[in-house]
Each structure stands twice: as structure tokens, then as C-alpha cells.
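User: Hi! I'm new to this one and would like a quick tour. Could you bring it up so we can talk it through?

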Amino acid sequence: ERYSAFDMLRALALPVYLPCILIDAARSTATPSLPLFLRTLGCDDAQVGLVLGCEGAGETLGGLPASSMLRWLGERSTMVVALAAVGLFCLSCAFVSTGRTGLSLLLPLFGIAAIRFCIGAGVAAFQVARWSYLSHAVEPNRRGLATSSLGGMMRLGSALGALLSGVLVNIFSLAAP
């Protein structure tokens, strides 16, 4: 063994675990608030489901282009680009969804759906690069620890994002009509 398990986890903290927490927190922030917001726009259940499903569709369809991006940019650069893209798309969702342009429900609904699709594609690119990086950066006898720790960081990020969203929903008194 070249280094201890703690050394391995510490070495992966900045390049893998912290970005993982950030990306999962960013994407799960919409979990409690987006359905409520869409209902306030007048969306029915089918429209809410369509918008929420767009992230999964983007993640599914984004896998193949993500592998090409990985070959072209490399693991670390792909993770950085994907993390930045997901962050920007999450922020842009707030601006598109305001509906202050005077347009009908159609534009904000499709805008949010398109952004959610792009978030899913960015997450797919991040995940492909992250798993590739782990497979090269971690010795085979330590990969179980590294991947189980990664799963814990994903759950931590999801919990933090949902918690933050719940606090924001409470602060802004967002409720379903």
C-alpha cells in the first residue's frame, strides 16, 4: 500500500468529493420548490411531470456526448466544465422562470424544461468524468472505499440542496395554489 485510506480520501476531497457535493446540492435545490413554483404558474400535473422528467432525459441522452467530451478535454477539464455548466443552468432557471416578460405560460414552461434537460446533460458529463477519474486515480484495492465515500457525498449534497430549498420556500412563502 502506497498510502493510507485517509490519505486517499483527503487526496480526493477537492478534485472529486467537493464538486460532487456542489453539483448534487445545486440539482436537488429544485426538488421541493420547482413543483410548487410550476403550480403557481398554472401548470397542471402533466406539465409539472414533463418539466421534472427533462433532467432525467438530459442525463440519459447526455451520456454519449459526455464520453466524447471526456476524450477531447480529459477527466478534470470535463468535470470543471460540467460543474460550471450545471451551476450556470441552475442559476439561469431562476431568471427564465420569473415570467415577468408578459409572455404566456408556454415560454417559461419550455424554458425551464430546456434548462432542466441541459442540467441533466451536464450531470451526465460530470458523472462520466468523475467515474473515469476515480478509476485512474485510485488503486484497485481502494476503489470500494472511494466509491462508497462518493455515494455518501452525493447523498450529502442532495440533502443540503433540498434543505436549502426548503428554507427558501419557507422564507418566500411559496405554496401550491
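Analyst: Happy to! This is a predicted model, and its largest nonpolar core is a good place to begin, with 35 residues. Those with the most contacts inside that core are Leu-12, Val-16, Leu-38, Val-51, Ile-112, Leu-134 and Ala-146.

User: Which elements give two or more residues to this core?

Analyst: They are helix H1 (5-28), helix H2 (30-40), helix H3 (45-61), helix H4 (63-73), helix H5 (75-96), helix H6 (106-137) and helix H7 (143-171). H6 gives the most, with eleven residues.

User: You listed Ala-146. What does Ala-146 touch?

Analyst: Leaving aside residues up to four places away in sequence, Ala-146 touches Met-8, Leu-12, Tyr-17, Leu-134 and Val-138. Leu-12 and Leu-134 are also on the list of residues with the most contacts inside the core.

User: Stepping back, how many helices and strands does the chain have?

Analyst: There are seven helices and zero strands, so to speak an α-α-α-α-α-α-α run from the N terminus on.

User: And how much of the chain is buried?

Analyst: Buried residues account for 37% of the 177 residues. As for the surface, the chain exposes about 9,500 Å², with carbon and sulfur atoms supplying 70% of that.

User: What about contacts between residues at least 6 apart in sequence: what share join residues at least 24 apart?

Analyst: That share is 83%.

User: Back to H1. Where does H1 bend?

Analyst: At Ala-13, by about 75°, and a proline, Pro-15, follows within four residues. H1 has 24 residues, yet its end C-alpha atoms are only 29 Å apart, short of the 34 Å that a straight helix would reach at 1.5 Å a residue.

User: Ala-11 is in H1 too. Is Ala-11 buried or exposed?

Analyst: Ala-11 counts as exposed, because its relative accessibility is 53% and the cut-off for exposed is over 50%. Ala-11 and Ala-137 are 126 residues apart in sequence, while their C-alpha atoms are 9.5 Å apart in space.

User: Last topic: confidence. What is the mean pLDDT of the chain?

Analyst: The mean is 86, and 89% of the residues reach 70 or more. Among the elements, H3 has the highest mean pLDDT (94) and H2 the lowest (82).

User: Where is the pLDDT below 50?

Analyst: Over residues 99-104. Beyond near neighbours in sequence, that stretch has one contact in the model.

How values were computed
Residues are numbered from 1 along each chain as its sequence is written. This is a predicted model: local features need pLDDT of at least 70, side-chain atom pairs count only at pLDDT 80 or more; totals for chains, interfaces and linings use all residues. Side-chain values use heavy atoms; hydrogens and water are left out. A nonpolar core is a set of buried Ala, Val, Leu, Ile, Met, Phe, Trp, Tyr and Cys residues joined through side-chain atoms within 4.5 Å. Buried means under 20% relative accessible area, exposed over 50%, partly exposed in between (1.4 Å probe, protein chains only). Contact means heavy atoms within 4.5 Å. Accessible areas come from the Shrake-Rupley method with a 1.4 Å probe; for residues, only the protein chains shown count as cover. The expected span of a helix is 1.5 Å times one less than its number of residues. The bend at a residue is the angle between axes fitted to the seven residues ending there and the seven starting there. pLDDT is the predictor's confidence in each residue, from 0 to 100.
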